[in-house]
Amino acid sequence: MQKRTVIVTGASSGIGKELAIGLAKKIKPEEIWAVARDLGRLEALKEFLSVPVRPISADLTTPEGLSALRALLEQERPVVEVLVNASGFGIFERVDKIPEEDNLGMVDLNCRALTAMTQMVFPYLHAKSCVVNLASMAAFEPIPYGSVYAATKAYVLSFSRALAREWKQLDIKVLAVCPYWTKTAFIDRSNKHGVIGNFEVMYEPAFIAKKTLSAMDKRRDYVVPGAYAKLTHALTKILPHSLVMRVFMRRQKLK
Ligand SMILES: NC(=O)c1ccc[n+]([C@@H]2O[C@H](COP(=O)([O-])OP(=O)(O)OC[C@H]3O[C@@H](n4cnc5c(N)ncnc54)[C@H](OP(=O)(O)O)[C@@H]3O)[C@@H](O)[C@H]2O)c1
């Protein structure tokens, strides 16, 4: 029997995990597919959710990981109410000092896997379904020492907004989420070189999830959760990017 399903990539921690918890309550699906690499942490998610969880361990940067998801979709033919693409990572450092594998890994996970997931889930979406893509505040401006990461998130924002327009005629909602710094494992991984010295404001992943869930019911195609983030976003819209980059570099004491 086809089940009403929510699919969340990056469900093993941070914003993806909080969205899985929130969507279980909001949508009450018959099943949540929780996707990430760490099977133990996906299994542990069952404790927090009021609906059945199907943990799916897959490295979405590999053809095998994507094929496993495709095969499962073809086998189960779920009725997908919501797809959340939250798997992602960033590394902050001068681009030539980041291993090529990591630079390409950001492109593979943040852009390629997100695009593949969106397209492969499409046949299982229906009118009123929703696709939630995790972009970032970094999507709005070039970020020196975060150049590849920011570029991947600009891709996510641009792709999602254009797709929202394309799928409007199908009544499928597409929402890009643009969080500011958020207290998750992302921070330690992205700042392992200590490039970011000033985080100014740090949001809780549960707050980002709450604002995302309410934005799903509104007409907008992207959301910037939090007042400080909204102010920063407004400034990046009106100021020249050369100035915004200079201010960022000065705040982070970068040359
Ligand atoms: N935290 C922030 O400050 C911030 C700000 C703006 C945007 N974002 C974006 O928000 C999204 C969620 O990040 P987060 O802050 O919640 O960080 P997080 O706690 O590190 O979560 C990242 C998730 O991605 C999964 N993942 C990593 N590599 C993967 C791979 N190769 N294949 C499949 N899944 C993989 C991780 O699980 P496994 O390790 O188990 O695979 C984890 O569940 C990301 O797209 C991030 O870029 C974060």
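**A ligand and the helices around it**

In this predicted model, the ligand has 31 residues around it, and the closest are Ser-12, Ser-13, Ile-15, Arg-37 and Thr-184. Two of those names come back when polar atoms are considered. Ser-12 places a polar side-chain atom 2.7 Å from an oxygen atom of the ligand, and a polar side-chain atom of Arg-37 also lies 2.7 Å from a ligand oxygen. Ala-86 joins in through its backbone, with an N or O atom 3.2 Å from an oxygen atom of the ligand. Taken on its own, the ligand has 880 Å² of accessible area, and the protein covers 94% of that.

What sort of residues make up the shell around the ligand, by class? There are 16 nonpolar, 10 polar and 5 charged residues in it. As for where they sit, helix H1 (14–27), helix H5 (147–166) and helix H6 (185–190) each give at least two residues to the shell. H6 supplies the largest share, with 3 residues.

H1 is a good place to look next. This helix runs for 14 residues and spans 20 Å from its first C-alpha to its last, close to the 20 Å expected at 1.5 Å a residue. H1 is mostly covered, with 10 of its 14 residues buried. The buried set consists of Gly-14, Ile-15, Gly-16, Leu-19, Ala-20, Ile-21, Gly-22, Leu-23, Ala-24 and Ile-27. Ile-15 is thus on the list of buried H1 residues and also among the residues closest to the ligand. The packing partners of the buried H1 residues are strand E1 (4–9), strand E2 (31–36), strand E4 (79–85), strand E5 (130–134) and helix H7 (205–215). Right after H1 comes Lys-28, with a positive phi near 50 degrees.

H5 also contributes to the ligand shell. With 20 residues, H5 reaches 29 Å from first C-alpha to last, close to the 28 Å expected at 1.5 Å a residue. Its buried residues are Val-148, Tyr-149, Ala-150, Thr-152, Lys-153, Val-156, Leu-157, Ser-160, Leu-163 and Ala-164. A lysine, Lys-153, is in that buried group. These buried H5 residues pack against H4, E5, strand E6 (173–177), H6 and E7. E5 therefore turns up as a partner of the buried residues of H1 as well as those of H5, by the rule that contact means heavy atoms within 4.5 Å.

One residue of H4 shows some of this packing in detail. Thr-118 is found in helix H4 (residues 100–121). Is Thr-118 buried or exposed? Its relative accessibility is 2%, so Thr-118 counts as buried. The side chain of Thr-118 makes a polar contact of 3.2 Å with the side chain of Asn-85. Beyond its neighbours within four places in sequence, Thr-118 touches Leu-83, Asn-85, Val-131, Asn-133, Phe-159, Leu-163 and Trp-167. Leu-163, for its part, is one of the buried residues of H5.

Another threonine, Thr-232, lies in helix H8 (residues 227–238). Thr-232 has a relative accessibility of 19% and therefore counts as buried, the cut-off for buried being under 20%. Apart from neighbours within four places in sequence, Thr-232 is in contact with Met-137 and Tyr-180.

Loops have buried residues too, and Met-216 is one case: this residue sits in the loop between H7 and strand E7 (222–223), and has a relative accessible area of 10%, so Met-216 is buried. Which residues does Met-216 contact, leaving aside its neighbours within four places in sequence? They are Leu-23, Lys-26, Val-82, Cys-130, Val-132, Lys-173 and Leu-175. Leu-23 is itself a buried residue of H1. The C-alpha atoms of Met-216 and Leu-175 are separated by 6.9 Å, although the two residues are 41 residues apart along the chain.

Two other loop residues have positive phi values. Arg-77, in the loop between helix H3 (63–76) and E4, has a phi near 45 degrees, a positive value in a residue other than glycine. With a relative accessible area of 41%, Arg-77 is partly exposed. Lys-128 lies in the loop between H4 and E5, and its phi is positive at about 85 degrees although it is not a glycine. At 65% relative accessibility, Lys-128 counts as exposed.

Terms used
Residues numbered from 1 in each chain as written. Predicted model: local features only at pLDDT ≥ 70, side-chain atom pairs only at ≥ 80, totals over all residues. Heavy atoms only, no water. Near = heavy atom within 4 Å. Polar contact = N/O pair within 3.5 Å; in protein donor to acceptor, adjacent residues only side chain to side chain. Areas by Shrake-Rupley, 256 points an atom, 1.4 Å probe, with all protein chains shown as cover. Helix = DSSP H or I, 4+ residues; strand = E, 2+ residues; numbered from the N terminus. Nonpolar A, V, L, I, M, F, W, Y, C, P; charged D, E, K, R; others polar. Buried < 20%, exposed > 50% of the residue type's maximum accessible area, 1.4 Å probe, protein only. Expected span 1.5 Å × (residues − 1).
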